[in-house]
Amino acid sequence: MTAPADAPTVEAASSPAVSRGTARAVTATWWYTVVALVLFELTVVLVWAATLLQAGLDRGVVLAVLVGGLVWILSTAPLLRAYRHGGGDATALDWRSTLVPLVVATAYGVTVWSLSGLWVLLILPLAQSLQLLHWPRFVRARMVLAVTALLAGVLVVDVATAFSEPPLSAHEDPYVAGVFSVLLPLTTVLSLWWWDVLMVLDRARVSEARLAATQERLAVATDVHDLQGHHLQVIALQLELAERLLPDDRDAALHQLRAARLSVDEARQGTRDLATRFRTVPLPDELANARDLLRAAGLTVEAVIDVDADTAPASVFGPVIRETTTNVLRHGGGRRARLALTRLDDEWRYEISNDVPAPLPPATAPSPGDAGAPPERTRQGTGLEGTATRAGDVGGSMEVRAAENDFTVIVTVPAEAAAGGPR
Amino acid sequence: MSIDTTSDVAAPGSSRPIRVLLADDEAMIRSALAALLRLEGDIEVIAECSDGEQAVAAAERLHPDICLLDLEMPGLDGVQVAERLRRTVTARCVVVTRHARPGVLRRALAAGVAGFLPKSRDAKEVAAVIRRVAAGARYVDPEIAADALSDERCPLTDRERDVLRVGRQGQTTAQIARELSLAPGTVRNHVSAVLAKLSVPTRQQAVLMALERGWI
């Protein structure tokens with residue numbers, strides 16, 4: 001048997017809670033990226049508006065640059081959204097979320113160009129919006145270099161033409177706005193590249209967790225193989241012996257046959273133990289499952305589960321919940337049941353009651369001629385006596401109240417047992 | 001009820017035998033179990049069926065007292081057979097399974113199945129359960145119940161499960177939205193929430209996972 005220390009590996013691989021935590025971190029990183037990109041765009045628009053205002057252009061023109069700039073920044077939102085959800089998925093290219101923002105960017109460029117005569121403003125919005133599409137890596141690298149070179153070239157032209165004539169020549173320094181504009185696509189691509197790297201890392205983390213789970217499964221498979229191989233060999237020998245003994249000593253042969261059936265049973269139980277080795281769920285989940293099962297069985301169920309129920313001693317209450325729920329399920333006639341796991345000062349109290357007076361005897365009650373049947377194995381260590389022992393071991397107690405129309409089992413365990421007991 | 005019951009649970013040799021229908025697609029197991037049950041004096045195996053459809057037809061024709069149904073059968077599974085029979089005949093159903101998948105006990109109880117036990121129980125124990133169920137009691141094997149109690153809880157909301165259930169045949173987002181009277185954007189939001197919760201990359205994988213764990 002593998003040491004229990006191995007269990008957390010598998011838990012981590014399959015636990016939705018853990019993946020939810022990292023999913024939240026990934027989402028936070030995405031919003032960080034988006035906010036940074038939008039702020040870059042906003043800065044460029046504001047710097048241009050300030051530059052044009054200082055140069056003494058008509059206020060209407062400056063206002064058009066500002067308002068148009070805001071519309072354009074808004075239009076990049078669908079592109080960013082598509083970027084996030086379309087990662088690695090080619091089908092996400094939707095014309096509405098792609099074409100419309102590109103048209104808006106072009107329109108904004110044409111408008112501010114016609115108002116200011118600056119070529120760099122004609123190209124910049126579309127150049128920036130194009131960076132937000134999901135390009136293959138080599139296309140993106142070449143495109144951003146080409147666009148940056150183009151913007152730099154156009155800026156030089158603008159400085160030589162528009163900025164040397166009135167009214168823009170009144171503004172002595174066109175370079176702040178210019179440099180911001182030239183660098184915007186490059187900054188954007190670097191941010192998105194950083195996001196892509198993070199996504200690759202996240203996928204690697206998921207694969208690693210899956211790999212760990214797979215390795216654990218392989219180990220279990222090996223254990224199952226060994227266990228069954230051993231038992232099959234034992235059974236084969238017992239059957240062979242029975243076959244040899246049969247002509248001369250019928251009683252001894254019969255004895256071997258029974259032994260073979262016991263071996264089958266052991267093999268089955270061993271396989272089951274291996275398969276269910278990691279199947280532990282938190283107590284609140286177990287109680288919720290119990291409630292759902294009883295409801296499915298047609299009972300009206302009232303369940304009270306303490307908010308801190310996952311800190312209750314699972315090693316005691318787990319088997320108790322299993323045993324008592326099974327008992328209630330077995331009674332055909334019940335109409336209602338009540339389940340409660342609550343904390344009272346310094347003890348935990350589990351109570352289950354239903355409207356059937358007393359549990360029926362086990363189905364496997366011995367009947368005449370039963371000598372050959374294997375001994376009771378499923379109820380070994382369980383049952384209400386087992387429950388009482390288990391509670392007693394940790395200083396708790398069990399109480400059974402059987403009234404006319406009410407059967408109640410109450411198990412109380414001191415709270416400190418939770419700290420020491422194995423979970 | 002057509003069953004003639006005595007007040008006690010096990011009543012071997014009482015007035016008339018319990019008439020049992022047996023359905024299992026594995027012929028060896030079916031015939032061996034039938035032969036072993038016939039050795040019990042108070043049980044009469046009146047039909048042996050190799051799939052769910054046959055079992056439904058035979059049960060409607062022969063009106064057995066108990067239907068002993070394998071869970072894993074081609075076509076209709078044991079629980080589906082029980083669901084069908086519940087509307088037409090008075091027979092009580094006992095389902096046996098080799099491996100109880102998550103959620104199956106809940107489904108069986110909701111379908112009115114009166115007994116549920118693993119296939120590993122020997123014929124004597126099966127016979128005892130048949131007697132018990134015939135006497136009007138219910139029997140859920142402790143092992144099956146323990147498994148069902150340790151099922152992983154579904155992390156999805158009801159709406160998210162609806163989205164997966166409606167879209168399980170690969171329907172488009174628009175079709176799911178129309179079926180549930182939601183906006184396509186809302187459906188997309190539910191889907192991305194589901195993918196994040198289950199940490200799978202596609203909706204198909206989410207559907208498979210949810211089916212496997214009995215969540216939809």
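**Entry 1: S3 and S4 of chain B**

I began with strand S3 (residues 66-70) of chain B and found that it pairs with S4(B) in the parallel sense, over five bridges. I note at once that this is a predicted model, so what I write here describes a prediction. Going along the pair, I found B:Leu68 opposite B:Val94 in S4(B), and B:Leu69 opposite B:Val95 in that strand. I then followed the chain between the two strands: it leaves S3(B), passes through helix H3 (residues 78-88) of chain B and arrives at S4(B), and this β-α-β crossover is right-handed.

**Entry 2: the surroundings of S4(B)**

How many residues of strand S4 (residues 92-97) of chain B are buried? I counted six of its six, so I record the strand as mostly covered, taking as buried a residue with 20 or more other C-beta atoms within 10 Å of its own. I next sorted the side chains by direction: B:Arg92, B:Val94 and B:Val96 point one way from S4(B), while B:Cys93, B:Val95 and B:Thr97 point the other way, and all are buried. As a reminder to myself, side chains in a regular strand alternate between the two faces of the sheet. For the chain as a whole I noted that buried residues make up 44% of the 216 residues in chain B.

**Entry 3: from S4 to S5 in chain B**

I looked at what S4(B) pairs with besides S3(B), and found strand S5 (residues 115-118) of chain B, joined to S4(B) in the parallel sense over four bridges. B:Val95 has B:Phe116 as its bridge partner in S5(B). The connection between these strands runs from S4(B) through helix H4 (residues 104-110) of chain B to S5(B), and I note this β-α-β crossover, too, as right-handed.

**Entry 4: the whole sheet of chain B**

Which strands stand at the edges of the sheet in chain B? I wrote out the order as S2-S1-S3-S4-S5-S6, six strands in an open sheet with parallel pairing. Strand S2 (43-49) and strand S6 (139-140) of chain B are at the edges; each has a single partner strand, so one side of each is left without a neighbour in the sheet. Chain B has 10 helices along with its six strands. I also recorded that, of the contacts in chain B between residues at least 6 apart in sequence, 65% join residues at least 24 apart.

**Entry 5: a helix pair in chain B**

I turned to helix H8 (residues 173-180) and helix H9 (residues 184-198) of chain B, which pack at an angle of about 105 degrees with their axes 8 Å apart. H8(B) and H9(B) are therefore roughly perpendicular to each other, the range for that being 65 to 115 degrees. H8(B) brings B:Thr173, B:Ala174, B:Ile176 and B:Ala177 to the contact, and H9(B) brings B:Pro184, B:Val187 and B:Arg188. By class, I have five nonpolar residues, one polar and one charged in this contact.

**Entry 6: the sheet of chain A**

In chain A I found five strands in an open sheet, in the order S1-S2-S3-S5-S4, with mixed pairing. The edge strands are strand S1 (300-305) and strand S4 (397-403) of chain A, each pairing on one side only. Within this sheet, strand S3 (residues 347-354) and strand S5 (residues 406-414) of chain A run antiparallel and are joined by eight bridges; A:Glu351 stands opposite A:Ile410 in S5(A). H9(A) packs on the sheet, where it touches S1 and strand S2 (336-344) of chain A, and its direction makes about 170 degrees with that of S1(A). H10(A) lies across S2, S3 and S5 of chain A, running at about 10 degrees to S3(A).

**Entry 7: helix pairs in chain A**

How do helix H9 (residues 283-296) and helix H10 (residues 314-330) of chain A cross? I found their axes coming within 10 Å and crossing at roughly 0 degrees, which makes H9(A) roughly parallel to H10(A). Among the residues that meet are A:Leu287 and A:Leu294 in H9(A) and A:Phe317 and A:Ile321 in H10(A). This contact has 10 nonpolar, two polar and one charged residues.

Finally I checked helix H7 (residues 175-245) and helix H8 (residues 250-275) of chain A, whose axes come within 8 Å and cross at roughly 175 degrees. H7(A) and H8(A) are therefore roughly antiparallel to each other, and the residues of their contact divide into 17 nonpolar, seven polar and two charged.

Terms used. Residues numbered from 1 in each chain as written. Chains lettered and ligands numbered in written order. Predicted model: local features only at pLDDT ≥ 70, side-chain atom pairs only at ≥ 80, totals over all residues. Buried ≥ 20, exposed ≤ 12 C-beta atoms within 10 Å, placed from the backbone. Contact = placed C-beta atoms within 7 Å. Pairing = 2+ DSSP bridges. Right-handed = clockwise from strand over helix to strand, strands pointing away. Axes fitted to C-alpha atoms, helices over the stretch in contact; angles between N-to-C directions. Parallel < 35°, antiparallel > 145°, perpendicular 65-115°, else oblique. Nonpolar A, V, L, I, M, F, W, Y, C, P; charged D, E, K, R; others polar.
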